Amino acid sequence: MNPARLTLGPLLYNWSAEAVRDFYFRIADEADIDTVCIGEVVCAKRAPFLAPQLPEIVRRLTAAGKEVVLSTLALVMSAADLNLIAETATDDGVLIEANDVSAAALAGGRPFVAGPLLNIYNEDTLACFAGMGAIRACLPAELPATAIATLAESASIPLEIQAFGRLPLAVSARCYAARSRSLAKDGCRFVCAQDPDGMPVDTLDGVPFLAVNGTQTLSHHYLSLLGMLAPLRQAGIDRFRLWPQTVDMVAVADLFRRTLAGDLDPAEAGDRLADLCPGRDFADGYIHGREGRVLVDMEMAD
Amino acid sequence: MNQQRPELVCPAGTPAALKTAIEAGADAVYVGFRDETNARNFPGLNFSRPELKDAIGLAHRNGAKVLVAINTFPRAGATDIWHRAVDDAVTLGADALILADIGLLAYAAERHPEARLHLSVQAAASNPASIRFYAERFGVRRVVLPRVLTVAEIKALNAEIAPIETEVFVFGGLCVMAEGRCALSSYATGQSPNSNGVCSPAAAVRYVETETGTASMLGEITVNHFRHDEPAGYPTLCKGRFVAQDQASYLFEEPTSLNTLGLLPDLIDAGITAFKIEGRQRGRAYVAAVVSAFRQGVDAVLAGGTPPVASLDAIVEGGRETAGAYRKAWR
């Protein structure tokens, strides 16, 4: 069995420049994480905020021994979006994570990572991306363990599974952070910055359901696959992705690392994860072939 | 002004609807097999193999084309079901296959190099780099555009990607999220358009009486609530009412339908090859009314006039309509 690796997914939310810098510096200095993804995935309008400090953050992460991957935009609509991706994708010095077919195509045969927002549902599609130059693939959120096992059996490249955090569920041309505050997308005043962990969306009868991050819709529940790490390892999965949330991600990574190493019992790890994420609800339905919002592994229930 | 005559591509969930669409002036009709291989996998809908054979015969005798949608994402370990759908559609004489999955496109391009391939809206190819990839790699001739672009953006895109054809939705149910990239339905119900060919599936729908009216539910999720004097609408997730910022609202989109009759001159000018009407799950009355209205509208614009004002109010969702992303203000 290959050693297990942890990937930090790209920060999806619109945090302040200082918060972004502090977050990644701390990851560089303290987190037991192998790969760090960084880049604006959700909204092209936000990309200019990250750009000035990106080189410094990448240097710090690289110096700390992390593999750095530049994640690209999920919904690519304008020539400006495409130019930005083309610039990154054709730079031999960086490894990109493609979150749209355009980025994979623009890589032009250079190595890239197939991101979780590409639709890789079956072995034929996985093989196509591998043939295009994908060196690994992070699978979509809604895949059940049965499909993951089938893919792992046929895969010629390592597979990564989303294991912690809010699940990215949808992208849109429309901005719901702006719409919820009666603003147009063009005059959005970047109100999404007020939702550093997503804007809560409840049902009319008060059940927490979704979280909005600008044009992106995520799950209310935090995914936790702590209890599934061992069977997924058995099925041939080497990599696990943690999505940044407004919790202590260094501590979260530590829990996953120690559980993967067998140094921590999954139930104990689950208790500690719940302590690290006060007020958050957990779900793991997709991996069990159920609705994504349900919790099957009851060890994560309070 | 660009005066290319756009093809009117119309929905048929049953052989009867196909006949109705052709009689109402459809240039092409799109259909699916009666299984999970297409994105309208609803009970009582779609075509068996013999029904498709007859439908293609009828359409061809009337000068219309039949496009077969095989546009879900094949399940790992079960891709043979989708391969068989591709093989059968080609054998039965389909004029084009509408596919979304890259692996399935590769299969179709390799096994049936003569088949005409269209890229489904479920692939959400929204830019020239993606579109060229599908054309160069798999020989895709036409791309059904996701409902995220404005008319001006579509016009610019067409100029850039020619001779690859584009097809856009002109009427019907409206996805608010980028198509094929939305898992809201499976998050609430376990069934998604990508995997199962259903969104907000009927089997998960419940209407629950409350003290003040009726709640429409999808699985355990309350999607909307209606007073006793309001008609209770279908709980499509992205058209529901939710609470955000301490306010209940149609956060994603109102229960509304896309209607572009008024935009037809602009859409024709944008150099689009085909106009698509949504609604394979709808009945013959819908097909007849919408197809006729758009047939007359397109013909009127091409003759130098304006589209006649057709009354489609009775058949649009919630009685309300929108031009969606085609107008920038929608964003």
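Me: What is the sign of the phi of B:Gly25, and where does this residue lie?
Reply: The phi of B:Gly25 is positive, about 110 degrees, and the residue comes just after helix α1 of chain B. This is a predicted model, in which local features need pLDDT of at least 70 and side-chain atom pairs pLDDT 80 or more, while totals for chains, interfaces and linings use all residues. Residues are numbered from 1 along each chain as its sequence is written, and chains are lettered from A and ligands numbered from 1 in the order in which they are written.

Me: What makes α1(B) a helix, and which of its residues are buried?
Reply: A helix is a DSSP run of H or I with at least four residues, a strand a run of E with at least two, and both are numbered from the N terminus. Helix α1(B) covers residues 15-23, and its buried residues are B:Ala17, B:Leu18, B:Thr20, B:Ala21 and B:Ile22. They pack against β1 (7-11), β2 (28-31), α2 (49-61) and α10 (284-302) of chain B.

Me: Why does A:Ile287 count as buried?
Reply: A residue is buried if 20 or more other C-beta atoms, placed from the backbone, lie within 10 Å of its own, exposed if 12 or fewer, and partly exposed in between. A:Ile287 has 27 such neighbours inside 10 Å, so it counts as buried. Its place is in the segment after β12 (282-283) of chain A. Leaving out residues up to four places away in sequence, A:Ile287 touches A:Pro144, A:Ala145, A:Leu225 and A:Met228. In chain B, 55% of the 331 residues count as buried.

Me: How does the radius of gyration of chain B agree with that of a compact globule?
Reply: The radius is taken over C-alpha atoms, and the globule rule is 2.2 Å times the number of residues to the power 0.38. For 331 residues the rule gives a value near 20 Å; chain B has 19 Å, which agrees. The C-alpha trace of chain B spans about 60 × 50 × 40 Å along its principal axes.

Me: Why are β9 and β11 of chain B said to stand at the edges?
Reply: Strands pair if DSSP finds at least two bridges between them. The order in this open sheet of three strands is β9-β10-β11 (chain B), with antiparallel pairing. β9 (205-209) and β11 each have a single partner strand, so one side of each is left without a neighbour in the sheet. β9(B) and β10(B), residues 213-218, are joined by five bridges, and B:Val208 stands opposite B:Ala215.

Me: Why are α6(A) and α4(B) called roughly perpendicular or roughly parallel?
Reply: Axes are lines fitted to C-alpha atoms, for helices over the stretch in contact, and angles between N-to-C directions run from 0 to 180 degrees. Under 35 degrees counts as roughly parallel, over 145 as roughly antiparallel, 65 to 115 as roughly perpendicular and the rest as oblique. The two axes come within 7 Å and cross at roughly 85 degrees; α6(A) and α4(B) are therefore roughly perpendicular.

Me: Which residues of α6(A) and α4(B) meet?
Reply: A:Asp124, A:Thr125 and A:Cys128 meet B:Ile102, B:Gly103, B:Leu104, B:Ala106 and B:Tyr107. Residues are in contact if their C-beta atoms, placed from the backbone, lie within 7 Å.

Me: How many residues take part in the contact between the two chains?
Reply: 53 residues of chain B are in contact with 51 residues of chain A. Strand β7(A), residues 159-172, is also joined to β8(B) by two bridges, running antiparallel.
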